[in-house]
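Please look through the model shown here, with attention to its interior: the enclosed space, the nonpolar packing and one residue within a helix.

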Amino acid sequence: MAVTASHVQRAQPRISELDALRGFALLGILLVNALMMASPYALGTIDDPGASAFDRTVEGLVQTFVAGKFYLMFSFLFGYSFSLQLTSADRDGERPVPRLLRRSLGLFALGALHAVLLFSGDILMTYAVLGLILIAVRGCAPQTALRAAWIVYGCVSGILLLMGLASLVMSDAEAADLDADLAAGFPDLIAGYRGDASDVVRANLAQLPDALLAIPLMGGLVVAAFLVGLRCGKVHFLGDRADHGARLRRICRLGVAVGLPGSVFMALATSGPLGPRWAVFAQMVGTVTAPALTAAYVCGMLLLMRTARGARMTALLAPAGRMALTNYLSQSLVMALVFTGYGLAWYGRLGPAVVVLGAIALYAAQLALSARLMGRYRYGPVEWLLRTVTLARLPGGTPGERTRSGDAL
């Protein structure tokens, strides 16, 4: 299925920073998804009466530093890779729109299978649908894309904050009653995920409407990140060897100053001591300020990767980023085998600390396996499949094909 590295001729070098950022983002995505797949009480949305103080602390740390940040990093990288897809189509002398529409269709199909069979919190369908916006604005100037991103972000942030403020009219007792009503359905959910394969599929289907409802709320931030990535791709920001250190450091400082307080507030409300009436408002504040911390992570990683120590880290992370789509889906497969009736059926049985530790172990294994596979093959298996759909032919080592960082998710 995959093409061996020895068969690649005249391949252009990949953008190693882009691949390494994807590899880094996989860790954040895994930590959040593992907690969500492990328990209905994930990330403090509903208070878990059996959670220990240590588990609450671990969950609070994930809320503060991870939740809501890394899917935006993937969104930024998706927009950047989109610009590489445009360049690739132009270089191959093909019209970009049919190729990109096939890619979106392939992503949507993979996402639908992922959501139904493994994890209802799939992001691929969202990227496939919202990616149509990128196709529509593909010819815009870089600064136009950046201005549009700010406009989208501002409008969505205003709506989210108004929704959060409206939730404060509830008393703590009323908010607690709503949480209790939601928690009343957890026993059926737990039974479903611990049942046989058909029960697991039914449980995923039952969760899908709630997952789809989040798309209008989160989709605006995804689109904004797409547009920022598109702008950076159009100006070849990651491929540019110019010294952007001062700008990157400035974004880091500003991102931490804006993003970290919002994330701490969200963690205190959802996994900490603040009353339940604050939960929705704090989640909205955390969501609105998350892009700032995401920007700080991206810029901080870029600064680090331009040091001698960072170069070694880049070499460690980049192979996982080259096959990010395969790794993303395989993470869900492993967790489904652990937490659902497909395998061990440990859903609701493990605390957040154990789940996070297991996720880190899985990530380490993926780094090692990715390095071995990418040392021998040009594509990961799912990347090969998606590229076949995108090109409408089998990928090969022909002179018209290039190995670019846009090949991955």
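**Inside the predicted model**

The largest cavity in this predicted model has a volume of about 110 Å³, and a search of the whole structure finds two cavities of 30 Å³ or more. Lining the largest cavity are Phe-78, Ser-81, Phe-82, Gln-85, Leu-100, Arg-103, Ser-104, Leu-107, Gly-131, Leu-134 and Ile-135. At least two residues of this lining are supplied by each of the helices α3 (70–91), α4 (96–117) and α5 (124–136). By character, the lining residues divide into six nonpolar, four polar and one charged.

Turning to the nonpolar packing, the largest nonpolar core holds 89 residues, of which Phe-70, Met-73, Tyr-80, Leu-124, Leu-302 and Leu-325 touch the most other members. Helix α1 (residues 16–38) contributes the largest share of this core, with 14 residues. A second core, separate from it, has six residues, among them Leu-189, Val-200, Ala-203 and Tyr-347. Within the largest core, Tyr-80 is one of the residues that touch the most other members; when residues up to four places away in sequence are not counted, Tyr-80 touches Ile-15 and Leu-18, and also Gly-229, Leu-230, Cys-232, Gly-233, His-236, Phe-237, Leu-238 and Gly-239.

A polar residue deserves a separate look: Gln-63 lies in helix α2 (residues 53–65). Why does Gln-63 count as buried? The relative accessible area of Gln-63 is 4%, and the residue is therefore buried, since the limit is under 20%. Leaving aside neighbours within four places in sequence, Gln-63 is in contact with Leu-43, Lys-69, Met-266, Ala-267, Thr-270 and Ser-271.

Note on methods
Residues numbered from 1 in each chain as written. Predicted model: local features only at pLDDT ≥ 70, side-chain atom pairs only at ≥ 80, totals over all residues. Heavy atoms only, no water. Helix = DSSP H or I, 4+ residues; strand = E, 2+ residues; numbered from the N terminus. Buried < 20%, exposed > 50% of the residue type's maximum accessible area, 1.4 Å probe, protein only. Contact = heavy atoms within 4.5 Å. 1 Å grid on protein atoms, 1.4 Å probe; cavity = no way out; pocket = protein on both sides within 12 Å on 5 of 7 lines; lining within 4 Å. Points joined across faces, edges and corners; volume = space filled by probe spheres on them. Core = buried A, V, L, I, M, F, W, Y, C linked by side-chain atoms within 4.5 Å.
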